[in-house]
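Trainee: I've got a model open on my screen and I'm not sure where to start. Could you walk me through reading it?

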Amino acid sequence: SHASPTPRLSCSPFPLILPFSSLPPPLSQPLSPQAAMTKLGQWLCGLALLGSAWAALALAPPELQPPAPLRQALLPLPVYLLVAFGCYSLATVGYRLATFNDCEEAAAELQEQIKAARADLRRRGLRL
């Protein structure tokens, strides 16, 4: 058995010797759905990042505040972004509705399954 050298973390000026002899292999496949960030998580992270940047600029102490024209545009920025997000959402929903594909094969298969289920229920004595 060949013992590999003890791995060290190189991000610190004082390397840390890890207690195990080998690191796990890097992820070659995508993370599971439970471990991957959901769209909601991505939106919330982006919102938190933008919100903190806005709060840092808008609520800065007087000696660190941006110039007056920038400050006047900065204060209503969350309202503008909310309106823009609403417009984007409406446009996305409208586009998806306009380009929605009909599934003729699936509809025919479903109709056949409904007919079969009705025939089975009639055979068992249920009136429809």
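**Reading the model, feature by feature**

Mentor: Sure, let's begin with the fold: the chain has four helices and zero strands. Keep in mind that this is a predicted model.

Trainee: What pattern does the chain follow along the sequence?

Mentor: Reading along the sequence, you get α-α-α-α.

Trainee: Which residues does the UniProt annotation "transmembrane region" cover?

Mentor: According to the unreviewed UniProt entry, residues 40-61 and 73-91 carry that label. You can hold the record up against the model. Residues 40-61 are 86% helix and 0% strand, and their end C-alpha atoms sit 33 Å apart. For residues 73-91, the end C-alpha atoms are 26 Å apart, with 89% helix and 0% strand.

Trainee: How much of the chain counts as buried?

Mentor: Just read the percentage here: 5% of the 128 residues count as buried.

Trainee: Now the cysteines. How many disulfides does a search of the whole structure find?

Mentor: First the general idea: a disulfide is a covalent bond joining the sulfur atoms of two cysteines. In this model, the search of the whole structure turns up zero. As for exposure, C87 has a relative accessible area of 49%, so it counts as partly exposed. C103 is at 48% relative accessibility, so C103 is also classed as partly exposed. The cut-off to remember is that exposed means over 50%.

Trainee: And how many aromatic pairs are there in the whole structure?

Mentor: One aromatic pair comes out of the search. It is formed by W43 and F85, which meet edge-to-face, with 5.3 Å centre to centre and 65° between the planes. That label follows because planes over 60 degrees apart count as edge-to-face.

Trainee: Where in the chain do W43 and F85 lie?

Mentor: W43 belongs to helix α1 (residues 39-58) and F85 to helix α3 (residues 77-98), so the pair, 42 residues apart, links distant parts of the chain.

Trainee: Is F85 buried, exposed or partly exposed?

Mentor: F85 has a relative accessible area of 40%, so it is partly exposed.

Trainee: Last one: how do I read pockets?

Mentor: Rolling a probe the size of a water molecule over the atoms shows where empty space remains. Here the largest pocket has a volume of about 410 Å³. Its lining has 14 residues, and L47, L50, P78, L81 and L82 lie nearest the centre.

Trainee: Which helix supplies the largest share of that lining?

Mentor: That's α1, with eight residues. Both α1 and α3 supply at least two residues each.

Trainee: How many residues of the lining are nonpolar, polar or charged?

Mentor: The lining of the largest pocket has 12 nonpolar residues, two polar and no charged.

Methods
Residues are numbered from 1 along each chain as its sequence is written. This is a predicted model: local features need pLDDT of at least 70, side-chain atom pairs count only at pLDDT 80 or more; totals for chains, interfaces and linings use all residues. Side-chain values use heavy atoms; hydrogens and water are left out. UniProt positions are given in the numbering used here, feature names are shortened, and annotations may be inferred rather than shown by experiment. A disulfide is a pair of cysteine sulfur atoms within 2.5 Å. Buried means under 20% relative accessible area, exposed over 50%, partly exposed in between (1.4 Å probe, protein chains only). Rings of Phe, Tyr and Trp (its six-membered ring) pair if their centres lie within 6.5 Å; planes under 30 degrees apart count as stacked, over 60 as edge-to-face and the rest as tilted. On a 1 Å grid over the protein atoms alone, a cavity is a set of points where a 1.4 Å probe fits but cannot get out, and a pocket is an open set with protein on both sides within 12 Å along at least five of seven lines; lining residues have an atom within 4 Å of a point. Grid points are joined across faces, edges and corners, and a volume is the space filled by probe spheres set on the points. Ala, Val, Leu, Ile, Met, Phe, Trp, Tyr, Cys and Pro count as nonpolar, Asp, Glu, Lys and Arg as charged, and the others, Gly among them, as polar.
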